[in-house]
Amino acid sequence: MMKLQPPPIQLLPAFEAVARHLSFKQAAVELHVTPSAISQQVKNLEGQLDTVLFERQTRAVKLTAIGHEYFKLASELLNHYREGHANIQQSLATPTIRL
């Protein structure tokens, strides 16, 4: 049963990258960490949620039904954050003239 309190947000990038690539190794390369660090973060997220997000197979991973739902949530949240950050960066880079 999934816990009521959401897990720490810093666990989402690792999960989202693994879900997108369906690879712990490719997620690790993207995030510049080791595959075991990615694995630990995903296991921590699964522990926080008290559910399994991936079916781990020999040399492959597959999202569970709950994993698909959580991937959609994590992707939307991270994309919104990235877009908002880009908008703020753009506004900071736009020169202003003060008189």
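1. Start with the core. The largest nonpolar core in this predicted model has 21 residues, and the ones touching the most other members are Phe15, Val18, Ile38, Leu45, Leu53, Phe54 and Tyr70. Two or more residues each come from helix H1 (12-21), helix H2 (24-31), helix H3 (35-49), strand S2 (60-63) and helix H4 (65-93). H1 puts in the largest share, with six residues.

2. Phe54 deserves a look of its own. It belongs to the group that touches the most other core members, and it is also part of strand S1 (residues 54-57). Setting aside neighbours within four places in sequence, Phe54 is in contact with Phe15, Val18 and Ala19, then with Val42 and Glu46, and finally with Val61, Lys62, Leu63 and Thr64. If you colour by element, note that Phe15, Val18 and Ala19 fall within H1 (12-21), while Val42 and Glu46 fall within H3 (35-49).

3. Next, how H1 and H4 meet. Their axes are 9 Å apart and the packing angle is about 115°. The crossing of H1 past H4 is left-handed. On the H1 side, the contact uses Leu12, Pro13, Phe15, Glu16, Ala19 and Arg20. H4 answers with Gly67, Tyr70, Phe71, Ala74, Ser75, Leu77, Leu78 and Arg82. By residue type, that contact splits into nine nonpolar, two polar and three charged. Phe15 and Tyr70 turn up here as well as among the core residues with the most contacts to other members.

4. Now the strands. S1 and S2 run antiparallel and are joined by four bridges. One pairing to check on screen: Arg56 has Val61 of S2 as its bridge partner. Val61 also appears in the contact list of Phe54. The hairpin has two residues between its strands, and Arg59 takes a positive phi there.

5. Which residues would I flag on a Ramachandran plot? Arg59 is one of them, with phi near 60° in a residue other than glycine. Arg59 lies in the loop between S1 and S2. Its relative accessible area is 86%, so Arg59 counts as exposed.

6. His32 belongs on that list too: its phi is positive, about 60°, and it is not a glycine. You will find His32 in the loop between H2 and H3. Buried or exposed? His32 is exposed, because its relative accessibility is 72% and the cut-off for exposed is over 50%.

Technical notes. Residues numbered from 1 in each chain as written. Predicted model: local features only at pLDDT ≥ 70, side-chain atom pairs only at ≥ 80, totals over all residues. Heavy atoms only, no water. Core = buried A, V, L, I, M, F, W, Y, C linked by side-chain atoms within 4.5 Å. Buried < 20%, exposed > 50% of the residue type's maximum accessible area, 1.4 Å probe, protein only. Contact = heavy atoms within 4.5 Å. Axes fitted to C-alpha atoms, helices over the stretch in contact; angles between N-to-C directions. Left-handed = near helix turned anticlockwise from the far one by under 90°. Nonpolar A, V, L, I, M, F, W, Y, C, P; charged D, E, K, R; others polar. Pairing = 2+ DSSP bridges.
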